[in-house]
Amino acid sequence: MKHILCALMEPNEEILRPIYEYGREHNWQIERCGRQIPGHWSGDGIISDYLELPDFAAVMDFKSTPTVSRLLPPRENIRTIRPDTQQIAGMIVDYFMDKGFTRFATAASKIFPEDIDGNPRDVLMAVQHELESRGLQLFSCLWEGWLPRADWNDYHKRRKLLRRFFSEIPRPFALILSASTVLPIIYRTLEELGLRVPEEVSVLCNTDDWNVTENAMVPTSYVSGEFPVLGRKLPELLDRMMAGEKIPEEPIYVTPSSIISRRSTDSLAVTDIRLARAVGFFLQNYMNLIGVEDAARVAGVSRGMLIRLFQQHFGKGPRRFLQEIRMNQIRYLLDGTELPLSEIAHRTGYGSDMALSLAFKRETGMAPGAYRMLRRHAPLKRDPE
């Protein structure tokens with residue numbers, strides 16, 4: 001039996017479940033802790049998320065203990081599996097810009113400025129870079145930067161800071177949160193100010209913790225698919241390290257599958273009523289056999305006019321806009337369900353599983369079945385023999 005330390009500052013059901021399943025299959029005894037590692041702990045391997053090197057001082061012979069981390073740079077006994085923050089940032093910004101938003105904000109304890117292997121450590125930093133590349137700005141409320149250190153955990157002072165921050169941003173705006181732990185104080189503050197979600201503030205959280213997002217004051221949209229893949233890759237990589245396999249030092253990046261829309265983002269920031277009608281029609285009817293002509297009829301314009309409106313506002317045509325909505329949902333259903341392709345086609349506006357397969361392969365370069373297998377049993381890179 002192998003003894004594995006699972007040291008997670010932010011434990012999540014979607015990560016823990018596959019780790020424990022892997023442990024049962026491979027005769028592991030998993031011991032869990034948070035940031036405080038038991039003194040003189042020793043064992044066969046460590047899985048960690050955001051612990052820093054000094055946090056492992058309590059581990060006996062740490063430098064010889066195989067460790068897989070979501071944060072630490074690869075070296076000697078450490079390998080890294082981390083989210084692709086740039087890809088996540090692009091998904092989030094595209095999602096809101098496709099709804100017409102041009103004002104973006106966030107609230108967090110801090111934004112970490114460091115890069116790992118050329119990629120931002122913090123998804124909020126990646127969002128900031130993505131917005132800047134498009135000539136837009138991310139307004140940030142960071143209590144570790146705006147409040148004295150003694151007040152960082154003062155709930156009343158945080159709410160006061162958030163009230164002032166939200167009151168100063170012109171509406172409507174998109175609010176991007178990097179952790180579900182801040183949702184309660186965010187919604188409480190918005191309620192105190194009388195700001196309506198989603199009409200004035202559209203909220204999205206970068207988390208797979210659906211227990212929190214679905215049961216928030218307003219059911220909250222979230223980025224989905226990253227945590228289950230992390231939960232599968234972390235123990236797989238650790239097992240290979242413990243077996244003595246030589247693993248390349250390059251970080252392994254994990255991407256989410258989709259953005260799950262809930263009521264918190266169920267609004268548009270589009271001033272042209274014709275365009276708003278067409279976008280709303282696509283969002284509400286993508287699962288049906290509809291096309292550009294149907295959206296033009298709902299919007300009360302010609303097909304050519306609708307194409308021009310989409311190009312002017314979104315830089316893409318209505319057909320592409322509809323295709324991206326469908327692909328987002330297809331990736332989610334492939335990643336998170338066992339539904340057959342025929343049922344997924346029925347739920348995403350394709351007439352058959354063959355039509356879905358052809359469209360998906362054109363979009364991603366792989367068949368739906370291969371994508372599903374890759375997400376669930378993703379092979380890790382190996383050094384050439």
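Just over half is not a figure to guess at here: buried residues account for 54% of the 385 residues in the protein chain. The model is a predicted one, and the numbers below describe that prediction.

Taken as a whole, the protein chain holds 15 helices and 14 strands. Its radius of gyration is 23 Å, close to the 21 Å that the globule rule gives for 385 residues, so the chain is as compact as a globular protein of that length. Laid out along its principal axes, the C-alpha trace spans about 70 × 55 × 35 Å. The accessible surface of the protein chain adds up to about 17900 Å², and carbon and sulfur atoms supply 50% of that surface. As for how the chain meets itself, take the contacts between residues at least 6 apart in sequence: 66% of them join residues at least 24 apart.

Now for a pair of helices. Two packed helices are described by the angle between their axes and the distance between the axes. Helix H12 covers residues 318–336 and helix H14 covers residues 353–364; their axes come within 11 Å and cross at roughly 100°. An angle of 65 to 115 degrees counts as roughly perpendicular, which means that H12 is roughly perpendicular to H14. On the H12 side, the residues that take part are Arg-320, Gln-323, Met-327, Ile-330, Arg-331 and Leu-334. They meet Leu-356, Ala-359, Phe-360 and Glu-363 in H14. Sorted by class, this contact of H12 with H14 has 6 nonpolar, 1 polar and 3 charged residues.

One of the H12 residues in that contact, Gln-323, is worth a look of its own. Gln-323 has a relative accessible area of 18%; buried means under 20%, so Gln-323 is buried. Setting aside residues up to four places away in sequence, Gln-323 touches Tyr-350, Ala-359 and Glu-363. Ala-359 and Glu-363 also appear among the H14 residues that H12 meets.

Elsewhere in the chain, Gly-100 sits in a loop, the one between helix H2 (85–97) and strand S6 (104–108). With its neighbours within four places in sequence left out, Gly-100 is in contact with Ala-269, Val-270 and Phe-314. Gly-100 can also be placed relative to Arg-362: the two are 262 residues apart along the chain, and their C-alpha atoms are separated by 27 Å.

Notes:
Residues are numbered from 1 along each chain as its sequence is written. This is a predicted model: local features need pLDDT of at least 70, side-chain atom pairs count only at pLDDT 80 or more; totals for chains, interfaces and linings use all residues. Side-chain values use heavy atoms; hydrogens and water are left out. Axes are lines fitted to C-alpha atoms, for helices over the stretch in contact, and angles run from 0 to 180 degrees between N-to-C directions. Helices (H or I, at least four residues) and strands (E, at least two) are DSSP runs, numbered from the N terminus. Angles under 35 degrees count as roughly parallel, over 145 as roughly antiparallel, 65 to 115 as roughly perpendicular and the rest as oblique. Contact means heavy atoms within 4.5 Å. Ala, Val, Leu, Ile, Met, Phe, Trp, Tyr, Cys and Pro count as nonpolar, Asp, Glu, Lys and Arg as charged, and the others, Gly among them, as polar. The radius of gyration is taken over C-alpha atoms; the globule rule is 2.2 Å times the number of residues to the power 0.38. Buried means under 20% relative accessible area, exposed over 50%, partly exposed in between (1.4 Å probe, protein chains only). Accessible areas come from the Shrake-Rupley method with a 1.4 Å probe; for residues, only the protein chains shown count as cover.
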